[in-house]
Amino acid sequence: MITFILNNKTIKTSEHSGMTLLDFVRYQQRLTGTKIGCREGDCGACTLLVGTLKHNTVEYKSITSCISPLGNAHGKHIVTVEGTNLKGKLTSAQEAMKANYATQCGFCTPGFVVALTGFALSNSDKNYSNAIDAISGNICRCTGYKAIEKAAHQVVEKLEHQEKNSFKWLIDNGFIPEYFESIPQRLKDIEGKYLNQSKGKFVSGGTDLYVQKADHLADNDVHLIAEKEYLKGISIENGICTIGTNSTVSDLWNHKALNTYFPNLKKQLKLVSSEQIRNMASFGGNLVNASPIGDMTIFFLALNSEITISNENQKERTRELKNFYQGYKTFDLNEGELLKDITFKLPTKQSFFNFEKVCKRTHLDIASVNSAIQLSVENDTISEAHVSIGGVAAIPKYLHETSAFLAGQPLTAETILKANEILQKEISPISDVRGTTDYKRLLARQLFFAHFTELFPKYFTLNDFIQHA
């Protein structure tokens, strides 16, 4: 039995845990403010809030419900736009949208209202940049966005006076209804922390699987693993970072220590997806999706990561990620095995990391080509190199030969140009909807050069490479 709180109502349902949360909300509960748009997590019309009980308080995050399994709602507080409503008046988020003429046809408006409410409930700094990030996954086809941005600014101005993480202040100032104060105790009272499940397809966040086969998953057994504690968490010890495969991109985004090791981390992760997807997508799911253009796979390949694989009997084995992929959508994972964690050495003062991506939209889109690099440099000599690239081979590509060539070479334009020649021999792009073979080779070259101009701006400009390429 799946048990959770939907707005102010406790739900107990025997519906299939693999059906989408969106379909349950709209068709079973008739809460039609949550809209059906793309069914791929791209438009944000189906945005809901998911509240999770942690240390006697509830932490809220926005998600796209069209690609979220119903079973993942077990033990949570799910909030639709109807659940944010106040009696007889508009909420602060709704008023901001109205006052700034930020709605026209109205189809996308509930998603924006829910996302802005989630921003008010979040632990993030209440500044304009974070407010825009919060609604970055919501698409509007009418307004041109400026009016919506003004509405976000109005919300931020009102939140400047908020008492830190105070539900009471948010209630008193019209952001959320009073019943939110009762949610922590009501979640505690839900019996059964974990959902009883039969064997079936492993599903974590669902952000890829539900794009591909939502109907199949809704009709067949699934085994939801998003709440398995041993697959969660990020730890740092003796210069090694270990990330549980149930961790999300948002967990990485919000990790203070990792943001010091990777100063451009948020800038790079912003290229990966919207906040709603970052809140859902698990690293394990990204790796076993085995997409040749999986952003986080390319990211972890350049960190020369190892993965720990666990079977049903809790026996474990390790594998270098760069040797995990065997062919298109195939990899070294046996029946009943799961990826447990990802480990990598943290950067030192002598090491440098960069991630680049090109897609048809700057943000929130699937890559045409993406690439990452990690270099260790001592006395202007590259002592170690790890280069990865996506969209140019049947697998997420670790460039073994290019990486080996760079090690021991001087940090010069000549070295980089020679390395590009090796890179071009290692890749084998094909023409598809994201570009021709020649275009992808050009992108591979440009992104490779961009790593060096980004990491060593005092040494190189793009012209140093282009005139000789």
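Which strands do the buried residues of α1 pack against? Keep that in mind as you go through these points about the predicted model.

1. **Helix α1 and its neighbours.** The answer to the opening question is β1 (2-6), β2 (9-13), β3, β4 and β5 (77-79). Helix α1 covers residues 21-28, and 6 of its 8 residues are buried, so "mostly covered" is a fair description. The buried ones are L21, L22, D23, F24, V25 and R26. Do notice that D23 and R26 are on that list. Just after the helix comes R30, with a positive phi near 60°.

2. **The chain as a whole.** Now step back and look at the full picture. The protein chain has 18 helices and 18 strands. Its C-alpha trace spans about 70 × 55 × 45 Å along the principal axes. For 469 residues, a compact globule would have a radius of gyration near 23 Å, and the protein chain agrees with that because its own value is 23 Å.

3. **Inside, outside and long-range contacts.** Of the 469 residues in the protein chain, 55% count as buried. The chain exposes about 21300 Å², and carbon and sulfur atoms supply 47% of that area. Take the contacts between residues at least 6 apart in sequence: 63% of them join residues at least 24 apart.

4. **Helix α8, a helix with two sides.** Find residues 209-219 on the model. In this helix, L209, Y210, A214 and L217 are buried. These residues lie on the same side of α8, because they cover an arc of only 120° around the axis. Turn to the other side of α8 and you meet D215 and D219, which are exposed. The cover over the buried residues of α8 includes β6 (201-203) and β7 (222-224).

5. **Aromatic pairs.** A pair of aromatic rings is described by the distance of the centres and the angle of the planes. The structure holds 22 aromatic pairs. One of them is F262 with F353, an edge-to-face pair at 5.5 Å centre to centre, with 85° between the planes. F262 sits in the loop between α10 (256-261) and α11 (265-269), while F353 belongs to strand β15 (residues 351-359), so this pair ties together parts that are 91 residues apart in sequence. Both F262 and F353 are buried. For another geometry, try F448 and F449: their pair is tilted, with 6.5 Å centre to centre and 45° between the planes. F448 and F449 are both buried too.

6. **A cluster of rings, and a glutamine beside it.** F262 and F353 also belong to one aromatic cluster, together with F283, F299, F300, F344 and F355. Is Q268, in this part of the model, buried or exposed? Q268 is found in helix α11, and it counts as buried because its relative accessible area is 4%. Leaving aside residues up to four places away in sequence, Q268 touches F299, F353, N354 and F355.

7. **Charges over rings.** Two places are worth a closer look on your screen. The charged end of K126 sits over the ring of F119, 5.9 Å from the ring's centre. R278 lies over the face of W253, and here the distance to the ring centre is 4.2 Å.

8. **Positive phi in loops.** Which backbone angle is positive in N56, although N56 is not a glycine? The angle is phi, at about 70°. N56 is placed in the loop between β3 (47-54) and β4 (57-64). With 56% relative accessibility, N56 counts as exposed. Y101, also a residue other than glycine, has a positive phi near 50°. Its place is in the loop between α2 (92-99) and α3 (109-121), and Y101 counts as exposed at 70% relative accessibility.

9. **E160 and its partner in space.** Last stop: the loop between α5 (146-159) and α6 (167-172), where E160 is found. E160 counts as exposed, since its relative accessibility is 57%. How many residues apart in sequence are E160 and N127? They are 33 residues apart in sequence, and 8.2 Å apart in space, C-alpha to C-alpha.

Conventions
Residues are numbered from 1 along each chain as its sequence is written. This is a predicted model: local features need pLDDT of at least 70, side-chain atom pairs count only at pLDDT 80 or more; totals for chains, interfaces and linings use all residues. Side-chain values use heavy atoms; hydrogens and water are left out. Rings of Phe, Tyr and Trp (its six-membered ring) pair if their centres lie within 6.5 Å; planes under 30 degrees apart count as stacked, over 60 as edge-to-face and the rest as tilted. Helices (H or I, at least four residues) and strands (E, at least two) are DSSP runs, numbered from the N terminus. Buried means under 20% relative accessible area, exposed over 50%, partly exposed in between (1.4 Å probe, protein chains only). A charge sits over a ring if NZ of Lys or CZ of Arg is within 6 Å of the ring centre and within 35 degrees of the ring normal. The arc is that of the directions from the helix axis to the C-beta atoms. Contact means heavy atoms within 4.5 Å. The radius of gyration is taken over C-alpha atoms; the globule rule is 2.2 Å times the number of residues to the power 0.38. Accessible areas come from the Shrake-Rupley method with a 1.4 Å probe; for residues, only the protein chains shown count as cover.
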